[in-house]
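Me: I would like to learn how to read a protein model. Could we start with a single residue and work outwards?

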Amino acid sequence: MTGKFELFTDEDMYFRFRLKAPDGTVVAISRPFSDKSAAVSGISAVREYAGLGLITDLCPEVPASGSSTWPPALDTTPAPAVSHFSDLPQPTAGTHSPATCQPAVARRRVSAARSNKVA
């Protein structure tokens, strides 16, 4: 089962899209676009870049098994809303918390034959 993109207009009448996981969880929300064709182009860009994106592991090394301090308690505070991907905080070496690191997930390349239809 795959995720899906939903194209919608926000409260300010800008076009946006959200990426939803197969279980319905919202994974990402785009920046605002002034027209529908630009939002559709944004979906195409996310499809292209996400399938080819490299993973940079900024997490600290995991201690040897038997350590009572690993894994650290997860922070369940909701993340602040961002309106654009560039609004996300950029990690700096040595300033991240191990609690914010999530396990890396294997990624596969998305087939170019997949349809690029927007409802």
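Reply: Start by finding where a residue sits along the chain. In this predicted model, aspartate 10 lies in the loop that links β1 (4-9) to β2 (15-20).

Me: Is aspartate 10 buried or exposed?

Reply: To decide, compare the relative accessible area with a cut-off: buried means under 20%. Aspartate 10 has a relative accessible area of 8%, so it counts as buried.

Me: Which residues does aspartate 10 touch?

Reply: Leaving out residues up to four places away in sequence, aspartate 10 touches Arg16 and Pro32. With arginine 16 there is also a polar contact between the side chains, at 2.8 Å.

Me: How do β1 and β2 pair?

Reply: For a pair of strands, look at the direction and then at the bridges. β1 and β2 are antiparallel, with six bridges. One bridge joins threonine 9 to phenylalanine 15 in β2. The two strands make a hairpin with five residues between them. In that turn, methionine 13 has a positive phi of about 70 degrees.

Me: How many bridges link β2 and β3?

Reply: β2 pairs with β3 (residues 26-29) over three bridges, in the antiparallel sense. Leucine 19, for example, has alanine 28 in β3 as its bridge partner. β2 and β3 also form a hairpin, with five residues between them, and glycine 24 in the turn has a positive phi of about 95 degrees.

Me: What should I keep in mind about side chains in a strand?

Reply: In a regular strand, side chains alternate between the two faces of the sheet.

Me: In what order do the elements of the protein run?

Reply: Read from the N terminus, the order is β-β-β-α. The protein has three strands and one helix.

Me: What share of the protein is buried?

Reply: Of its 119 residues, 11% count as buried. The protein exposes about 9500 Å², and carbon and sulfur atoms supply 57% of that area. For contacts, look at separation in sequence: among those with a separation of 6 or more, 42% join residues 24 or more positions apart.

Me: Where does pLDDT stay under 50?

Reply: Low values are a warning: where pLDDT is low, the predicted coordinates should not be read in detail. Here pLDDT stays under 50 over residues 94-117. The model has 26 contacts beyond four places in sequence for that stretch. Over the whole protein, the mean pLDDT is 74, and 55% of the residues reach 70 or more.

Technical notes:
Residues are numbered from 1 along each chain as its sequence is written. This is a predicted model: local features need pLDDT of at least 70, side-chain atom pairs count only at pLDDT 80 or more; totals for chains, interfaces and linings use all residues. Side-chain values use heavy atoms; hydrogens and water are left out. Helices (H or I, at least four residues) and strands (E, at least two) are DSSP runs, numbered from the N terminus. Buried means under 20% relative accessible area, exposed over 50%, partly exposed in between (1.4 Å probe, protein chains only). Contact means heavy atoms within 4.5 Å. Accessible areas come from the Shrake-Rupley method with a 1.4 Å probe; for residues, only the protein chains shown count as cover. A polar contact is a pair of N or O atoms within 3.5 Å; within protein, one must be able to donate a hydrogen and the other to accept it, and residues adjacent in sequence count only if both atoms are side-chain atoms. pLDDT is the predictor's confidence in each residue, from 0 to 100. Two strands pair if DSSP finds at least two bridges between them.
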